[in-house]
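Visitor: I am new to this structure. Please pick one part and take me through it closely, then show me what lies around it.

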Amino acid sequence: MECRVLSVQSHVVRGYVGNKSATFPLQVLGFEVDSINSVQFSNHTGYAHWKGQVLTADELNVLYEGIKLNNVNHYDYVLTGYTRDTSFLETVVDIVQELKRLNPKLVYVCDPVMGDQGSMYVPENILPVYRDKVVAVADILTPNQFEGSLLSQVMDLLHQMGPDMVVLTSTDLISPHGDQFLVALGSQKMVRADGTTSTQKIRMEMPKVDAVFVGTGDLFAAMLLAWTHHHPKDLKAACEKTVSVLHHVIKRTITYANKMAGPGKRPSPAQLELRMVQSKKDIEYPAIVVEAIVL
């Protein structure tokens with residue numbers, strides 16, 4: 001049986017963010033991906049210049065209605081990322097709820113992109129929509145620590161709000177290996193055969209890279225979707241493969257970017273675009289370079 005994903009994210013002509021970061025890796029791993037572009041920009045906004053268009057909630061509804069009229073709105077997964085507009089996000093929730101009625105086994109993977117390092121880069125009025133509506137219908141949530149704290153204080157509370165799996169993609173926790181390592185946490189709630197629940201929790205430590213990459217969060221969410229599909233009851237294996245894919249892509253990207261920039265020069269945003277196509281084999285068969293510790 002084919003596995004089909006509806007991915008509602010941003011799109012760029014040049015580079016890799018949003019749907020451009022998610023679609024190719026998912027297709028490489030055997031998923032059919034239907035993409036709705038929440039924005040269409042020339043490139044990501046980290047460049048000096050960018051141009052483009054933003055999809056409205058009404059336009060999103062029109063696209064979904066077209067899929068629905070042709071009776072091809074059966075999905076196994078929904079994946080969403082960066083959104084700035086409250087009405088657009090509320091429409092996404094309506095679509096997810098309808099798709100779940102059609103397929104109760106559908107899994108909604110949400111990366112609640114709101115901010116980092118203590119500051120928000122989306123309008124503050126979008127937070128209540130995430131907290132009160134999105135989290136309740138999400139099955140897998142991938143916030144960073146700042147986003148997680150905006151939605152709730154701890155992963156156990158996020159579980160109570162809806163999602164069975166929560167992965168904090170970056171935290172302020174101190175690594176025993178020093179400040180050059182980033183700590184991520186994961187938690188998965190599972191139901192046993194007798195109806196009781198258990199929770200698996202893991203911790204991962206990843207070496208930091210001194211550069212600003214765009215699209216890595218989108219790639220992380222897509223790979224977590226893929227590897228939890230292949231390892232539905234093994235959070236440790238799914239996270240190890242997800243993080244290892246990120247490690248290989250980032251390592252290949254920074255090596256290329258430094259070479260292109262030249263000695264002593266910082267790479268430009270264009271040079272730091274993810275080396276996605278060149279990482280195809282690592283996406284398919286990631287060598288495990290980061291081990292998850294079961295807590």
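Visitor: Let us start at Val 39. Does Val 39 count as buried or exposed, and at what relative accessibility?

Guide: A word first: this is a predicted model. Now to Val 39. Val 39 counts as buried, because its relative accessibility is 11% and the limit for that label is under 20%. The residue lies in strand E2.

Look at what touches it. Leave out residues up to four places away in sequence. Val 39 then touches Gln 9, Ser 10 and His 11. It also touches Gln 53, Val 54 and Leu 55. Take Gln 9 from that list. Along the sequence, Val 39 and Gln 9 are 30 residues apart. In space, their C-alpha atoms are 7.4 Å apart.

Step back to the sheet. It is an open sheet of 10 strands, with mixed pairing. The order is E3-E2-E1-E4-E5-E8-E9-E10-E11-E12. In that order, E2 stands between E3 and E1. The edges are strand E3 (52-54) and strand E12 (293-294). Each edge strand pairs on one side only. As a general rule, strands of a sheet pair through backbone hydrogen bonds, either parallel or antiparallel.

A helix covers this end. Helix H1 (residues 19-28) lies across strand E1 (4-12), strand E2 (32-41) and strand E4 (77-80). Its direction is at about 145° to E1.

One loop residue deserves a stop. Asn 71 is in the loop between helix H2 (57-69) and E4. In general, most residues other than glycine have a negative phi. Asn 71 is not a glycine, yet its phi is positive, about 55°. Asn 71 is exposed, because its relative accessible area is 65% and the label applies over 50%.

Now move along the sheet to E9 and E10. Strand E9 (residues 165-168) pairs with strand E10 (residues 181-191) in the antiparallel sense. There are 4 bridges between E9 and E10. Here Val 166 stands opposite Ser 187 in E10.

E10 also pairs with E11. Those two run antiparallel, joined by 11 bridges. Met 190 faces Ser 198 of E11 across this pairing, standing opposite it. E10 and E11 form a hairpin, with 5 residues between them. Gly 195 sits in the turn, with a positive phi of about 95°.

E10 has a part in a pocket too. The second largest pocket holds about 460 Å³ of space. It is lined by 19 residues. The closest to its centre are Val 107, Asp 164, Gln 188, Lys 189 and Pro 232. E10 gives the most to this lining, with 4 residues. E10 and helix H7 (216-230) each supply at least two residues. By class, the lining has 9 nonpolar, 4 polar and 6 charged residues.

Follow H7 to one of its residues. Thr 216 lies in helix H7. Thr 216 counts as buried, because its relative accessibility is 19% and the limit is under 20%. Leave aside neighbours within four places in sequence. Thr 216 is then in contact with Leu 246, Ile 250 and Leu 274. Thr 216 and His 247 are 31 residues apart along the chain, and their C-alpha atoms are separated by 9.9 Å.

Next comes helix H8, starting from Lys 236. Lys 236 is found in helix H8. Beyond its neighbours within four places in sequence, Lys 236 is in contact with Gln 200, Ile 202, Glu 291, Ala 292 and Val 294. For a longer span, take Lys 236 and Thr 23. They are 213 residues apart along the chain, with 24 Å between their C-alpha atoms.

One last stop is helix H5 (residues 145-151), where Gly 148 lies. Gly 148 is buried, because its relative accessible area is 6%. Gly 148 and Gln 27 are 121 residues apart in sequence. From C-alpha to C-alpha, that pair is 29 Å apart in space.

Back to the start, then. Val 39 lies in strand E2. It counts as buried at 11% relative accessibility. Its contacts include Gln 9 and Val 54.

Technical notes:
Residues numbered from 1 in each chain as written. Predicted model: local features only at pLDDT ≥ 70, side-chain atom pairs only at ≥ 80, totals over all residues. Heavy atoms only, no water. Pairing = 2+ DSSP bridges. Contact = heavy atoms within 4.5 Å. Axes fitted to C-alpha atoms, helices over the stretch in contact; angles between N-to-C directions. 1 Å grid on protein atoms, 1.4 Å probe; cavity = no way out; pocket = protein on both sides within 12 Å on 5 of 7 lines; lining within 4 Å. Points joined across faces, edges and corners; volume = space filled by probe spheres on them. Nonpolar A, V, L, I, M, F, W, Y, C, P; charged D, E, K, R; others polar. Buried < 20%, exposed > 50% of the residue type's maximum accessible area, 1.4 Å probe, protein only.
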